[in-house]
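User: Could you take me through one part of this structure up close? I'd like to look at the sheet and what sits around it.

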Amino acid sequence: MSGASGTPYAAAVLRALLDAGESVDLVVSRASRLTLLDETGISFRDAHWRDDLREWLALGADGKPGTFEPAIDTDAVQHWSAGDLAAGPSSGSYPAKGMIVVPASTACVAGVALGLSKDLLQRAASVTLKERRRLVVAVRETPLNGQTLRHLVTLDDLGAAVVPASPGFYAGATHIQDLVDFVAGRVLDSAGVEHELYRRWKGDLGGGFRTADTTN
């Protein structure tokens with residue numbers, strides 16, 4: 001996670017990875033901790049990261065606590081401090097299928113494209129590219145200037161999948177969580193992870209139209 005707005009996207013991706021039986025190495029940048037606090041009121045603390053993670057993953061995209069209950073099993077998650085450049089993911093010999101950066105800020109995009117490796121997030125992304133593993137970058141910020149667009153083209157040239165956080169409406173969204181899950185699902189599609197987060201297009205016009213539930 002980098003510092004861009006969009007922590008519900010990261011939560012949806014994490015829940016789906018765990019539901020799919022994947023093990024996750026989690027890196028939360030310093031800037032993203034501030035964003036998480038601002039968007040959810042949750043402080044992500046190194047000494048209590050597992051409790052904080054469970055609380056966060058239980059939130060709905062609308063901020064409602066306990067939306068995803070019972071509590072998410074986080075035993076398959078390993079958290080690494082963003083400042084720990086000796087962490088497992090900093091080395092190409094550390095086993096990993098790939099890497100997802102969600103949400104990805106323009107600063108993160110620039111750092112990875114330029115190979116700066118100023119923190120563990122950028123270093124792990126550089127390792128992912130050099131090892132020819134799948135790197136998915138879910139860029140969220142808007143508008144994008146020419147410099148950032150050139151950085152994104154560089155990442156594409158290096159083999160990364162650039163997935164803008166642009167929700168589609170053909171899946172029949174009736175709630176903010178549906179829009180978040182659509183983006184998370186497209187991110188996971190690019191990472192090759194199976195999920196059931198959104199209704200896939202089957203060529204039937206009108207299939208995305210639903211009458212909104214007004215009972216709540």
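Analyst: Here is a walk through the sheet, then its surroundings.

First, some ground rules: this is a predicted model, where local features need pLDDT of at least 70 and side-chain atom pairs count only at pLDDT 80 or more, while totals for chains, interfaces and linings use all residues. Residues are numbered from 1 along each chain as its sequence is written, and side-chain values use heavy atoms, leaving out hydrogens and water.

Now the sheet. It's an open one with three strands in the order β3-β4-β5, paired in parallel. (Strands are DSSP runs of E with at least two residues, helices are runs of H or I with at least four, and both are numbered from the N terminus; two strands pair if DSSP finds at least two bridges between them.) β3 (98–104) and β5 (161–162) are at the edges with a single partner strand each, so one side of each has no neighbour in the sheet. β4 covers residues 134–139 and pairs with β5 over two bridges. On that seam, Val-137 stands opposite Val-162 of β5.

Strand β3 also holds Pro-103, and the peptide bond between Val-102 and Pro-103 is cis, with omega about -10°. There's another cis bond between Thr-142 and Pro-143, with omega about -5°; Pro-143 sits in the loop between β4 and α6 (146–157).

What lies across the sheet? Helix α5 (residues 120–130) lies across β3 and β4, at about 135° to β3. That angle is taken between N-to-C directions on a 0 to 180 degrees scale, using lines fitted to C-alpha atoms, for helices over the stretch in contact (heavy atoms within 4.5 Å).

The loops on either side of α5 are worth a look too. Ser-117 is in the loop between α4 (106–114) and α5, and has a positive phi of about 55° although it isn't a glycine. Arg-132, in the loop between α5 and β4, also has a positive phi, near 60°. Ser-117 is partly exposed at 21% relative accessible area, whereas Arg-132 is exposed at 71%. (Buried is under 20%, exposed over 50% and partly exposed in between, with a 1.4 Å probe and protein chains only.)
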